[in-house]
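I opened this model to look up how its interior is packed and where its charged side chains pair. My entries follow the order in which I checked things.

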Amino acid sequence: MEHHGKLVDQAGSSRPSSDVAMTDPIAHPDAKTEMDELLAAYLDNELSETERSLVETRLAEDDNFRGRLDELDRAWDMLDALPKADLDDEKFVRTTVEMITVAASQEIQQYEQQRKRTATVRQAGIALGIVALVGMGFVLTQWRLSRPDRVLVESLPVIENVDELERVDNIEFLEALRKEGLFTGETSDES
């Protein structure tokens, strides 16, 4: 019954040699644990001939000891009766790798989506900043031009051409230019 020893090992108790199990009180703090380990070693046929004969003598004399052996034997028999999972190691590894791959690709997609959102927000912020700067520039320019210097800006065509206009001998020519609207910002003499 090799499965009995394996079951005890899987449960987390690493069983020392049976000599230590019987004599070391620190390794086994209570009598029930010591008894269970001794009986498990007996069921797994791991005891020496001397230890085996001592256990069999105690089984013949102690009803509690014999009852505990029957309980352990029945429990392990029930565990043996449970259906065993047929784990194909290659299939298990492949399935695990596939699950890890799917989780990693989902994380990458989430990262890419977050990065795109961040880039979109950054671009929108830059665009809004540019629009705000252009708007502030326009408002500032309009404010500056509403001051007395505005007359100079409106008279810019005349100022640019002042040299040519000084050479004109005929005032009637200048009057015609004024009627055409070249001299904006001036009030008409006719009004």
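These notes go from the nonpolar core to one helix and then to the salt bridges.

Entry 1, core. I kept in mind that the model is predicted. I looked up the largest nonpolar core and found 14 residues, with Leu-39, Tyr-42, Leu-47, Val-55, Leu-59, Phe-65 and Leu-69 having the most contacts inside it. Helix 3 (31–43), helix 4 (49–61) and helix 5 (63–81) each supply at least two of its residues, and helix 3 gives the most, with seven. For Leu-39 I left aside the neighbours within four places in sequence, and the contacts that remained were Leu-59, Phe-65, Arg-68, Leu-69 and Leu-72.

Entry 2, helix 4. I compared the span of 18 Å expected for its 13 residues at 1.5 Å a residue with the distance between its end C-alpha atoms, which is 18 Å and agrees. Its buried residues are Glu-51, Val-55 and Leu-59; seen down the axis they fall within an arc of 75 degrees, so they line one face of the helix. On the other side, Glu-49, Thr-50, Leu-54, Ala-60 and Glu-61 are exposed.

Entry 3, salt bridges. My search of the whole structure gave six. One of them joins Arg-68 to Asp-36, with the closest N and O atoms 2.7 Å apart, and it links helix 5 to helix 3 across 32 residues of the chain. Both partners, Arg-68 and Asp-36, are buried. I then looked up Asp-63 and Arg-66, whose closest N and O atoms are 2.0 Å apart; both lie in helix 5, about one turn apart. Asp-63 counts as exposed at 53% relative accessibility, whereas Arg-66, at 31%, counts as partly exposed.

Definitions and conventions: Residues numbered from 1 in each chain as written. Predicted model: local features only at pLDDT ≥ 70, side-chain atom pairs only at ≥ 80, totals over all residues. Heavy atoms only, no water. Core = buried A, V, L, I, M, F, W, Y, C linked by side-chain atoms within 4.5 Å. Buried < 20%, exposed > 50% of the residue type's maximum accessible area, 1.4 Å probe, protein only. Helix = DSSP H or I, 4+ residues; strand = E, 2+ residues; numbered from the N terminus. Contact = heavy atoms within 4.5 Å. Expected span 1.5 Å × (residues − 1). Arc of directions from axis to C-beta. Salt bridge = Lys/Arg side-chain N within 4 Å of Asp/Glu carboxyl O.
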